[in-house]
Amino acid sequence: MFKTVIFDLDGTLLNTLEDLADCANTLCREKGWKTHSLDEYRYFVGYGMPKFVEKFIPEDKRTAHVLQSTLKEYTELYNLHKEDKTYVYPKIPELFSLMRNKGIKIGVLTNKDHEPSQKVVEHYLPNMADEIRGRIDKIPPKPDPAGLFALMKSLDSTARSTLFVGDSDIDVKTAKNGQLAVCGVLWGYRNKEELINAGADFTASNTEELFEIIMNGNCLLSKKNG
């Protein structure tokens, strides 16, 4: 059994994609820029808000001034509409309850800014996570493992006893950079092929499969590596 499980947020615990995309396309229309499809936005997410905003700005408009002003506008707009269509993925609260009953520590590591991350997790999953860590200035975002190591230290967890769970190649790379086992979830923004190609040790199509991996993944890995 893994004693600690660290989760990504967007695309893993919460489906935030439509609110992110709607706000971005609202700004694009106001500025006369090309809008993007929901599928395109799946690949804009995961690197933090500044990078997300940069990706929907036309390449020939990406000056420092435009990036800064658009990020400010987008943040204000998203804060007003961040709960319009966002929802917790099915059975995540039940999964967390099962984990807590087993004494498993729960962490959340996201490239969203730190303070909003804490607020959104507590809003949708109140009192469920032991530690929540978002993007902090001067600390490199995922897939750099610096934030992961800080979170693991606060949870008093070891690499051997920790599983990372996410929905993208960024999450897989983060786990591998931290020498953790990693499970890719298939209900998020990316697909199984991408997760496997990135090096995911496991994939799960629902929370029941994920819980089985949490409980037995160490044994499965030992057999696989033996």
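**Exercise 1. Determine whether Thr70 is buried or exposed, and describe its surroundings.**

Solution. Begin with the accessible area: Thr70 has a relative accessible area of 0%, and it is therefore buried, where buried means under 20% relative accessible area, exposed means over 50%, and partly exposed lies in between (1.4 Å probe, protein chains only). The model is a predicted one, in which local features need pLDDT of at least 70 and side-chain atom pairs count only at pLDDT 80 or more, while totals for chains, interfaces and linings use all residues. Residues are numbered from 1 along each chain as its sequence is written, and side-chain values use heavy atoms, with hydrogens and water left out.

Next, place the residue: Thr70 belongs to helix α4, which covers residues 64-81; helices (H or I, at least four residues) and strands (E, at least two) are DSSP runs, numbered from the N terminus. Then list the neighbours: not counting residues up to four places away in sequence, Thr70 touches Leu27, Lys31, Trp33, Val53, Phe56 and Ile57, a contact being heavy atoms within 4.5 Å. Finally, take one of these pairs: Thr70 and Leu27 are 43 residues apart in sequence, and their C-alpha atoms are 8.3 Å apart in space.

**Exercise 2. Find what Ile213 is in contact with, leaving aside its neighbours within four places in sequence.**

Solution. Ile213 sits in helix α10, residues 207-225, and its relative accessible area of 7% means that it is buried. Leaving aside neighbours within four places in sequence, Ile213 is in contact with Phe2, Leu163, Cys183, Phe202, Thr203 and Ala204. Of these partners, Cys183 counts as buried because its relative accessibility is 0%. As a further distance, the C-alpha atoms of Ile213 and Phe149 are separated by 22 Å, with their positions 64 residues apart along the chain.

**Exercise 3. State how many disulfides there are, and where Cys23 stands in relation to the nearest cysteine sulfur.**

Solution. Apply the rule that a disulfide is a pair of cysteine sulfur atoms within 2.5 Å; by this rule the count is zero. Cys23 is accordingly in no disulfide, and the nearest cysteine sulfur, which belongs to Cys28, is 11 Å away. Turning to accessibility, Cys23 counts as buried because its value is 3%.

**Exercise 4. Locate the cis peptide bond, and identify which residues other than glycine have a positive phi.**

Solution. The cis peptide bond joins Lys142 and Pro143, with an omega of about 15 degrees. Pro143 is placed in the loop between β5 (131-135) and α7 (146-155). Asp137 lies in the loop between β5 and α7 as well, and at a relative accessible area of 57% Asp137 is exposed. Measuring from C-alpha to C-alpha is not needed for the bond itself, but it places Asp137 8.7 Å from Asp113, which is 24 residues away in sequence.

For the backbone angles, Asp156 has a positive phi near 55 degrees and lies in the loop between α7 and β6 (162-166). A second such residue is Gln179, whose phi is near 60 degrees and whose place is in the loop between α8 (169-177) and β7 (181-185). Asp156 counts as exposed at 65% relative accessibility, and Gln179 counts as exposed at 69%.

**Exercise 5. Classify Ala198 by its relative accessible area and say which residues it is in contact with.**

Solution. Ala198 lies in helix α9, residues 192-198, and with a relative accessible area of 24% it is partly exposed. Leaving aside neighbours within four places in sequence, Ala198 is in contact with Asp169 and Val172. The C-alpha atoms of Ala198 and Lys173 are 7.0 Å apart, although the two residues are 25 apart in sequence.

**Exercise 6. Describe the protein as a whole, and explain what its radius of gyration agrees with.**

Solution. First count the elements: the protein has ten helices and eight strands. For 226 residues, a compact globule would have a radius of gyration near 17 Å, and the 18 Å of the protein agrees with this; the radius is taken over C-alpha atoms, and the globule rule is 2.2 Å times the number of residues to the power 0.38. Along the principal axes, the C-alpha atoms fill a box of roughly 55 × 35 × 30 Å. Buried residues make up 49% of the 226 residues. Lastly, among contacts between residues at least 6 apart in sequence, 63% join residues at least 24 apart.
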